[in-house]
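Q: I'd like a close look at one part of this model, with some of what surrounds it.

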Amino acid sequence: MDLMVMIENAMTSPVIYLAILALAILDAFLPFLPSESVVIAAAVFAVSGIPSLPLIIVFAALGAFVGDHIGYLIGRLLREGRPGGRLIRAADRIAPHLHRRGGALIIAGRFVPGGRTAIVTASGATGYPLARFTLFTAIAAVTWAGYSGLIGYLGGAAFESNPTLGLAVGLGLALSITALGELVRYVLRRRRAATAAG
């Protein structure tokens, strides 16, 4: 069977919503899972009406929200089980920043590869207030799901006659935006280090 036909069959099956939900949950503590790529790919195919773009965004946001809370719980359990462990010492170094700029870090961390895992786990490990965590992770989840869904949908709409190209453009755009964010973060970190040294 042709690879594109297999992908299309997977993307237009109702099971895609459960796959998006599961991947977005697991991605909170297994950051190598391709949740963003699957959301973008499904959204490329949503141009035809199946699957539904609003449902893709809802299931992705719900999965991200639940996954972040599982990551938070893992952080809490690590603090209780290994109070002097290496991960807890790293979380303690992050704690002042997290408690000062927690909302911004939780939202921004959602878009940084591996950042989500570090921030949500550190939030739990440092005792960041659950009510505030829930608010900011809800904003982060909805923003991320909407961004990923719209990137894929725009890529699919621009290349409706060639879904493979639309998929490639959507994923390429998402990777480029992530890389740009990492570059900006690197430059700012270097600038802060130079300022502190001078």
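What is the relative accessible area of Ile70?

A: Ile70 comes out at 30%, so it counts as partly exposed; the scale is buried under 20% relative accessible area, exposed over 50%, and partly exposed in between, with a 1.4 Å probe and protein chains only. Before going further: this is a predicted model, with local features needing pLDDT of at least 70 and side-chain atom pairs counting only at pLDDT 80 or more, while totals for chains, interfaces and linings use all residues. Numbering runs from 1 along each chain as its sequence is written, and side-chain values use heavy atoms, leaving out hydrogens and water.

Ile70 sits in helix H4 (helices are DSSP runs of H or I, at least four residues, numbered from the N terminus). On the surface, Leu62, Val66, Ile70 and Ile74 make up a nonpolar patch, sharing about 260 Å² of accessible area. Patch members have over 30% relative accessible area and no salt bridge, and nonpolar side chains are joined within 5 Å; the areas are Shrake-Rupley values with a 1.4 Å probe. As for the spacing, an α-helix has 3.6 residues a turn, so residues three or four places apart point the same way.

H4 also holds Asp68, whose side chain meets Arg116 in a salt bridge (2.5 Å, N to O), meaning a Lys or Arg side-chain nitrogen within 4 Å of an Asp or Glu carboxyl oxygen. Arg116 is in helix H6, so this pair ties together parts 48 residues apart in sequence. Both Asp68 and Arg116 are buried. Asp27, Asp68 and Arg116 end up in one network, since their salt bridges share partners. The other link, Arg116 to Asp27, is 3.0 Å, N to O.

Then there's the inside. The largest nonpolar core has 22 residues, with Ile16, Ile20, Ile56 and Trp144 touching the most other members. A core here is a set of buried Ala, Val, Leu, Ile, Met, Phe, Trp, Tyr and Cys residues joined through side-chain atoms within 4.5 Å. H4 (53-81) is one of the elements giving two or more residues to this core, along with H2 (15-26), H3 (35-45) and H7 (130-158). H3 gives the most, six residues, and nine of its 11 residues are buried. Apart from this core lies another, of 11 residues, including Tyr72 and Leu98.

Methods
Patches are made of residues with over 30% relative accessible area and no salt bridge: like charges are joined within 9 Å, nonpolar side chains (Val, Leu, Ile, Met, Phe, Trp, Tyr) within 5 Å.
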